[in-house]
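The report below follows the interior of one protein chain, from its helices and nonpolar cores to its enclosed spaces. Please read it with the sequence and the structure at hand.

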Amino acid sequence: QAMLGAVCRSLQCRGALPARFARNHWSSPSSSQTPNSQENAVEEPRDVDFADTFKTLLPSESLRASLSGPQKQRLELLIKQVELYCYLAKKVPTKLDDAAWRELMGTRTVLERVCKLEFLAVKLRREAADKDRKREEEFREQMKAETAKYAAGGMGYGPDLYELMSNPLRRRARSNLITGANMWSTMRLADAPTVIFDMQYIFDGKHRGEHNIKRQLQYVMTENMHARRPLPLIFANVADNEFGKGYMERSLGYWGGQYLDQTILPDYTTKSPRTSFLEASGKKHAKIVYISNSAKRVLDGPLTADAYVLCASYDQQRESIVAAHKDRIDAYRLPVQKYIKWESGPQVLPLPNKLRMMRELVESGGDWASAFRNNVAKRYITAPDPELSAVIAATRKARERERTDVVAAIQSAYGE
């Protein structure tokens, strides 16, 4: 308590906390220290480092200029709350862009705000660790291969080996032409189904995890564009406004780029999945399947339908089955229970995994067992260890206790 009081008084001295918070909530009545000695208990270099670090998390001036008067006041309050969170919490994000600040402005409670900041911190930490680990593994494997090649008298490249000169004539156009040719090959063969993403639930602002779903769609685009056998894609029910168009052209990063004439991009439309596919294919009738966890019928065997619809949401409120009923599309669920035993965690597959499964099913002719084995994380199909579960439960309780303390501090400081 004494340490937190010193921390909060230090923030109050720099204008981050109101005086009533530092005086009333974290000062100890029985303490023999004077206010000046308590303030001096906080090391000055730490405050300076924290202030410099927090400046990198602040929203841009363009975001401030785009807000109205009440929105600017709310943003200033959020900045103070985030500053207090970053000073007290252990999980602190290393960067906050304007999109993250807009998401924070859309939160309703301090608890929701704290959970969002914790999620961003963990996600950024994992992404950085994954990049470093992947880079090290790739370099290690490549060096083994190049060293063996060099030892055998071949042209092995790397440190203490031959040096590689990059080709100055290589252009991005060639990569675009290759991806476009792969997609054209799939379209000409006409033996693969079209995958339609129903986007109606990521633009309404009412469903949880919208930012995560949008990130998954970026992975969907990247993986499918560079796959050896890509599947034709359609993005349906895109919001008919500037926000929807801006997301498709800027956030996904393909329609608003250069050299659009050198490749084949998916269609995106404001129409429903059924209407968009019939218009794109030129067919009057087609067999379309909507994949939903709430469906009664089970999908199995080869993919024989003309198109499959995937709902761009976590489907926590049975959105997919409702959307299938509204668009008069038959709903089927994946044969999870038939081919694997789901031991723990929610039975929700990310969108990139579902699309990857469909590509494998097209190539294998309906080998669902292999598709599940390659695209379901092992933690979901591995029986939990009792001792490990106890450790995880204790860790979760400690995190919840820490989160509760941080939320209480922010609420006491700013009256929310």
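In this predicted model, the buried residues of α16 pack against α14 (336-339) and α15. The residues of α16 that count as buried are Trp368, Ser370, Ala371, Phe372 and Asn375. The chain as a whole contains 18 helices and seven strands, and buried residues make up 40% of its 416 residues. Where contacts in the chain join residues at least 6 apart in sequence, 73% of them link residues at least 24 apart.

**Nonpolar cores**

The largest nonpolar core has 47 residues, and the members that touch the most other members are Phe197, Met199, Leu217, Phe235, Leu299 and Phe372. At least two residues of this core are supplied by each of β1 (194-198), α10 (210-225), β2 (233-236), α11 (242-251), β4 (288-291), β6, α15 (351-364) and α16 (368-375). The largest share of the core, six residues, is that of α15. Leu299, not counting residues up to four places away in sequence, touches Val289, Ile291, Tyr308, Tyr332, Arg333, Leu334, Pro335 and Trp368. Apart from this core lies another, of 28 residues, with Leu75, Leu78, Trp101 and Leu104 among them.

**Enclosed spaces and a pocket**

How many cavities of 30 Å³ or more does the model contain? The count comes to four. The table sets the largest cavity and the second largest cavity beside the second largest pocket, with the volume of each and the make-up of its lining.

| Space | Volume | Nonpolar lining residues | Polar lining residues | Charged lining residues |
|---|---|---|---|---|
| Largest cavity | about 150 Å³ | nine | five | two |
| Second largest cavity | about 60 Å³ | 10 | no | one |
| Second largest pocket | about 530 Å³ | 15 | three | four |

The largest cavity is lined by 16 residues, of which Cys311, Ser313, Tyr314, Asp315 and Lys354 are the closest to its centre. Each of α10, β6 and α15 supplies at least two residues of the lining of the largest cavity.

The lining of the second largest cavity consists of Ile291, Leu299, Leu303, Tyr308, Leu310, Leu334, Lys354, Met357, Met358, Leu361 and Trp368. The elements that give two or more residues to the lining of the second largest cavity are β6 and α15, and α15 gives the most, with four residues. Two residues met earlier return in this lining, Leu299 and Trp368; Leu299 touches Trp368, and Trp368 is one of the buried residues of α16.

The second largest pocket has a lining of 22 residues, and those that lie nearest its centre are Met187, Ala192, Thr194, Pro232 and Phe277. Two or more residues of the lining of this pocket come from each of α9 (172-189), β2 and α12 (273-281).

**Two residues at the largest cavity**

Cys311 and Ser313, both among the residues closest to the centre of the largest cavity, can be followed in further detail. Cys311 is found in strand β6, whereas Ser313 has its place in the loop between β6 (307-311) and α13 (319-326).

Are Cys311 and Ser313 buried or exposed? Cys311 has a relative accessibility of 6% and therefore counts as buried, the cut-off being under 20%. Ser313, with a relative accessible area of 14%, is buried because that value too lies under 20%.

Leaving aside neighbours within four places in sequence, Cys311 is in contact with Asp198, Tyr201, Tyr290, Glu319, Ser320 and Leu351. Cys311 and Ala236 are 75 residues apart in sequence, and their C-alpha atoms are 10.0 Å apart in space.

Which residues does Ser313 touch, not counting residues up to four places away in sequence? They are Tyr201, Ile213 and Glu319; Tyr201 and Glu319 are also among the contacts of Cys311. Within its own loop neighbourhood, the side chain of Ser313 reaches the backbone nitrogen of Asp315 at 3.2 Å, and Asp315 is itself one of the residues closest to the centre of the largest cavity.

Methods: Residues are numbered from 1 along each chain as its sequence is written. This is a predicted model: local features need pLDDT of at least 70, side-chain atom pairs count only at pLDDT 80 or more; totals for chains, interfaces and linings use all residues. Side-chain values use heavy atoms; hydrogens and water are left out. Buried means under 20% relative accessible area, exposed over 50%, partly exposed in between (1.4 Å probe, protein chains only). A polar contact is a pair of N or O atoms within 3.5 Å; within protein, one must be able to donate a hydrogen and the other to accept it, and residues adjacent in sequence count only if both atoms are side-chain atoms. Contact means heavy atoms within 4.5 Å. A nonpolar core is a set of buried Ala, Val, Leu, Ile, Met, Phe, Trp, Tyr and Cys residues joined through side-chain atoms within 4.5 Å. On a 1 Å grid over the protein atoms alone, a cavity is a set of points where a 1.4 Å probe fits but cannot get out, and a pocket is an open set with protein on both sides within 12 Å along at least five of seven lines; lining residues have an atom within 4 Å of a point. Grid points are joined across faces, edges and corners, and a volume is the space filled by probe spheres set on the points. Ala, Val, Leu, Ile, Met, Phe, Trp, Tyr, Cys and Pro count as nonpolar, Asp, Glu, Lys and Arg as charged, and the others, Gly among them, as polar.
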